[in-house]
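Trainee: Mind if we go through this one together? I'd like to ask about it piece by piece.

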Amino acid sequence: MIPARLVLAIHLMTVPVASGAWAQALTGMTGQDADVPLEVEADEGIEWQQDGKVFIARGNARASKGDLTVRAKVLKAFYENTETGQTRITQLRAEEDVEISSPGETAYGGMGYYDVAQSVMVLTGGRVRLETKTDLITADQQLEYWDTKHMAVARGNAVAVREDRRLRGDVLVAHLRQSADGKSAVHRVDAYGNIHVVTKEDVITADRGVYQVATGIVELTGKVTLTRGKNQLDGCGATVNLKTGVSRLGSCEKQGGRVRGLLTPDKNLTGEARE
């Protein structure tokens with residue numbers, strides 16, 4: 001088998017490219033330093049389709065720039081020629097068994113594409129997921145990883161899990177922050193639509209929520225229902241402490257400024273209601 005780098009060198013000798021080498025020509029994959037090259041490797045070689053302005057790497061393909069790496073069975077790098085005669089990547093597409101990683105986090109999906117202008121990688125296909133050292137985020141529809149914004153957006157039955165705590169919604173927006181050791185972790189999650197907060201004892205539903213990961217506190221808005229076994233409390237707005245297990249419900253004006261509940265005898269409900 002001809003090494004991928006040798007195949008690429010042959011292609012580059014037949015048609016001039018700005019600097020005459022892949023590593024020098026293909027820059028700008030992410031919002032990182034434009035001087036950092038995009039390096040591509042593949043087991044089955046790299047094809048250059050000049051008419052379509054695309055490089056295609058096949059077989060255990062890997063593209064990296066700075067601390068961001070994309071792996072897939074097939075990688076396609078679409079480019080355009082600048083006024084100065086250089087080559088600039090506009091989009092990177094990944095097909096089958098896609099894995100995107102940077103220090104502290106790794107995302108997985110069936111298909112993916114990287115939009116250079118917005119510095120966002122979108123993953124689709126199957127149950128997509130993002131993993132960090134402490135967190136797991138999954139979704140049915142798609143997962144967006146915003147590189148320069150340090151943010152992940154999960155759409156479609158999205159779930160965020162840390163230890164025994166679980167937050168589910170139609171859309172989850174996870175904000176990432178680097179720790180002292182350079183690893184990323186989720187520090188806040190904004191949840192939208194059909195919110196479910198699940199702990200060892202409780203299930204709380206709401207319209208919208210904000211989860212502060214460090215404190216374990218979830219601020220919920222809209223109609224809120226807290227269920228523990230056969231006991232149920234209904235209110236408007238709530239503060240849930242996932243570490244202590246204490247839940248405080250707000251009252252609803254339409255209910256005369258009160259919180260309503262259905263309590264089954266001989267059951268212990270430790271959540272505290274607040275009027």
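Mentor: Sure, and let's start with one cysteine: Cys-252 has a relative accessible area of 5%, so this residue counts as buried. Keep in mind as we go that the model is predicted.

Trainee: Which residue does the disulfide join to Cys-252?
Mentor: A search of the whole structure turns up one disulfide. Its S to S distance is 1.9 Å, and the cysteine joined to Cys-252 is Cys-236.

Trainee: Where in the chain do Cys-236 and Cys-252 sit, and how many residues apart are they?
Mentor: The link is right-handed, with 105° about the S-S bond. It ties together distant parts of the chain: Cys-252 lies in the loop between strand E17 (247-249) and strand E18 (260-262), while Cys-236 belongs to strand E16 (231-241). The separation of the pair is 16 residues.

Trainee: Is Cys-236 buried, partly exposed or exposed?
Mentor: Buried would need a value under 20%, and exposed one over 50%. Cys-236 comes out at 34% relative accessibility, so the label is partly exposed.

Trainee: Now the strands. In what sense do E14 and E15 pair, and over how many bridges?
Mentor: E14 covers residues 203-212 and E15 covers residues 217-228. The two form a hairpin with four residues between them. They pair in the antiparallel sense, and the number of bridges is eight.

Trainee: Which residue in E15 is the bridge partner of Gly-209?
Mentor: Take the antiparallel pairing of E14 and E15 as the frame. Across from Gly-209, the partner in E15 is Leu-220.

Trainee: Which residue in the turn of that hairpin has a positive phi?
Mentor: Look between E14 and E15, where the hairpin has four residues. The phi in question is about 75°, and the residue is Gly-216.

Trainee: Which residues does Gln-212 touch, leaving out those up to four places away in sequence?
Mentor: Gln-212 is in strand E14, and its 34% relative accessibility makes it partly exposed. Asn-241 is 29 residues away in sequence, with a C-alpha to C-alpha distance of 9.8 Å. The residues Gln-212 touches are His-187, Arg-188 and Ile-217.

Trainee: What about empty space inside? What volume does the largest cavity have?
Mentor: Counting those of 30 Å³ or more gives two cavities. The largest cavity has a volume of about 60 Å³.

Trainee: Which elements give two or more residues to the lining of the largest cavity?
Mentor: The lining includes Asp-135, Ile-137, Arg-162, Arg-165, Val-186 and Tyr-211. The elements that supply two or more lining residues are strand E11 (151-162), strand E12 (165-178) and strand E13 (184-198).

Trainee: Back to the backbone: what phi does Asn-194 have, and is the residue buried or exposed?
Mentor: Asn-194 sits in strand E13. Its phi is positive, about 50°, although Asn-194 is not a glycine. With a relative accessible area of 51%, Asn-194 is exposed.

Trainee: And Asn-60, buried or exposed?
Mentor: Asn-60 is in strand E3 (residues 54-65) and has a positive phi of about 50° without being a glycine. Its relative accessibility is 53%, so Asn-60 counts as exposed.

Trainee: Last one, for the whole chain: what share of the residues count as buried?
Mentor: The secondary structure comes to two helices and 19 strands. The chain exposes about 14000 Å², with carbon and sulfur atoms supplying 48% of that area. Of its 275 residues, the buried share is 45%.

Key: Residues numbered from 1 in each chain as written. Predicted model: local features only at pLDDT ≥ 70, side-chain atom pairs only at ≥ 80, totals over all residues. Heavy atoms only, no water. Pairing = 2+ DSSP bridges. Buried < 20%, exposed > 50% of the residue type's maximum accessible area, 1.4 Å probe, protein only. Contact = heavy atoms within 4.5 Å. Areas by Shrake-Rupley, 256 points an atom, 1.4 Å probe, with all protein chains shown as cover. Disulfide = S-S within 2.5 Å. 1 Å grid on protein atoms, 1.4 Å probe; cavity = no way out; pocket = protein on both sides within 12 Å on 5 of 7 lines; lining within 4 Å. Points joined across faces, edges and corners; volume = space filled by probe spheres on them.
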